[in-house]
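Colleague: I would like to learn how to read aromatic pairs and a small sheet from a set of coordinates. Could you take me through one case step by step?

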Amino acid sequence: MSKFVAALPMYDWPEMRGEVDLQWARLRDAFRQRGIDAPDAVVRSNRELPAVPGGILDDDGKPIAPDPATLPPDELDFHQLWLSPALLFGQTCWGPMEFGLAQHVQVIAQPSYDAYEGGQGELYSSALVMAADGGPSVVAPGDGKAVIPLDLIRGKRFTFNNPDSMSGLIGLTRDLEAMGESLDIFASRSESGGHRSSIVAVAEGRADIAAIDCESWALAQRFEPAAKGVKVVGWTARRKGLPYITARATPEKIITAMRDAVASIESGSEQPLVQLVG
């Protein structure tokens with residue numbers, strides 16, 4: 001049994017479990033070919049994370065997260081996963097990274113968003129969605145610049161997935177600030193708990209607008225019936241997508257081997273999996 005854990009939680013919708021498992025299987029096998037003790041499967045609950053008696057500590061011995069064994073076993077606390085000293089391969093968002101996570105993990109690579117409207121290489125953007133009115137959706141701009149319809153969104157009820165989300169909140173905040181505006185343009189702001197929940201809230205009329213990252217928007221169009229009740233009215237600017245990370249304690253030789261592995265998968269795939277970081 002591997003001493004490491006792995007997870008690909010950011011797009012692990014119930015309907016995507018099979019595809020996520022296949023993605024990890026490709027990575028796992030490439031890692032093992034290079035002598036890395038990769039786990040058989042990804043984790044999807046707190047109970048699958050190794051216990052850390054006394055809690056997780058930073059390099060100075062200060063507590064930064066509780067023992068996973070003390071958390072609800074059937075849930076998966078993303079921050080707990082990201083901070084786990086056993087994390088071999090995981091995925092996070094640049095929002096949490098900017099808010100302090102970066103000092104506790106190492107970046108392995110960036111995913112490619114070429115397969116999604118609004119994405120280009122390691123860059124992604126968010127679709128601004130509002131209730132469908134029979135009109136066409138706004139196509140993602142080719143130059144990757146923000147398309148924010150100020151007159152349309154002013155005074156509306158905005159919902160976002162969580163406060164540290166780059167795609168759901170921070171990116172749009174920065175785009176508005178670049179235009180001399182702020183989140184005060186909205187009549188109200190609410191937290192939905194997830195991109196999928198934001199789409200449902202807009203479709204059901206409980207909110208007027210949400211920012212949904214381009215990959216989540218593509219998944220919603222495949223799997224979420226409520227996506228038919230919304231349309232795209234704008235796009236945030238392109239930014240770096242969700243990075244693949246490993247624990248701060250992961251040895252450099254393992255990181256080098258993992259980067260070599262993901263590069264080999266990318267070169268042999270019609271649809272790139274990742275792009276190496278410099």
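The dialogue below turns to the aromatic rings and then to the sheet with its helices.

Modeller: Please keep in mind throughout that this is a predicted model.

Colleague: How many aromatic pairs does the structure hold?

Modeller: The structure holds nine aromatic pairs. In one of them, the ring centres of Phe78 and Trp82 are 5.8 Å apart and the planes meet at 50°, so this pair is tilted, given that tilted covers the angles that are neither under 30 degrees nor over 60.

Colleague: Where do Phe78 and Trp82 sit relative to each other along the chain?

Modeller: Both belong to helix α2, which spans residues 78-83, and because they are four residues apart there, about one helical turn separates them. Their surroundings can be read from relative accessible area, where under 20% means buried and over 50% means exposed. Phe78, with 30%, is therefore partly exposed, whereas Trp82, with 3%, is buried.

A second tilted pair is formed by Phe158 and Phe160, with 6.0 Å from centre to centre and 35° between the planes. Phe158 is buried at a relative accessible area of 1%, and Phe160, at 11%, counts as buried too.

Colleague: Which residues form an aromatic cluster?

Modeller: Trp24, Phe31, Phe89 and Tyr244 form one aromatic cluster.

Colleague: Turning to the sheet, what is the order of its strands, and is the pairing parallel or antiparallel?

Modeller: As a general idea, the strands of a sheet pair through backbone hydrogen bonds, in either a parallel or an antiparallel manner. Here the three strands make an open sheet in the order β10-β7-β11, and the pairing is antiparallel. Because β10 (210-213) and β11 (230-235) each have a single partner strand, they stand at the edges, and one side of each is left without a neighbour in the sheet. From one strand to the next, the twist averages 45°.

Colleague: How many bridges join β7 and β11?

Modeller: Strand β7, residues 126-131, pairs with β11 over five bridges in the antiparallel sense, and within this part of the sheet Leu128 stands opposite Gly234 in β11.

Colleague: Which helices lie across β7, β10 and β11?

Modeller: Helix α6, residues 195-203, lies across these three strands and runs at about 140° to β10. Helix α7, residues 214-223, also lies across β7, β10 and β11, but its direction is at about 90° to β10.

Methods
Residues are numbered from 1 along each chain as its sequence is written. This is a predicted model: local features need pLDDT of at least 70, side-chain atom pairs count only at pLDDT 80 or more; totals for chains, interfaces and linings use all residues. Side-chain values use heavy atoms; hydrogens and water are left out. Rings of Phe, Tyr and Trp (its six-membered ring) pair if their centres lie within 6.5 Å; planes under 30 degrees apart count as stacked, over 60 as edge-to-face and the rest as tilted. Helices (H or I, at least four residues) and strands (E, at least two) are DSSP runs, numbered from the N terminus. Buried means under 20% relative accessible area, exposed over 50%, partly exposed in between (1.4 Å probe, protein chains only). Two strands pair if DSSP finds at least two bridges between them. Axes are lines fitted to C-alpha atoms, for helices over the stretch in contact, and angles run from 0 to 180 degrees between N-to-C directions. Contact means heavy atoms within 4.5 Å.
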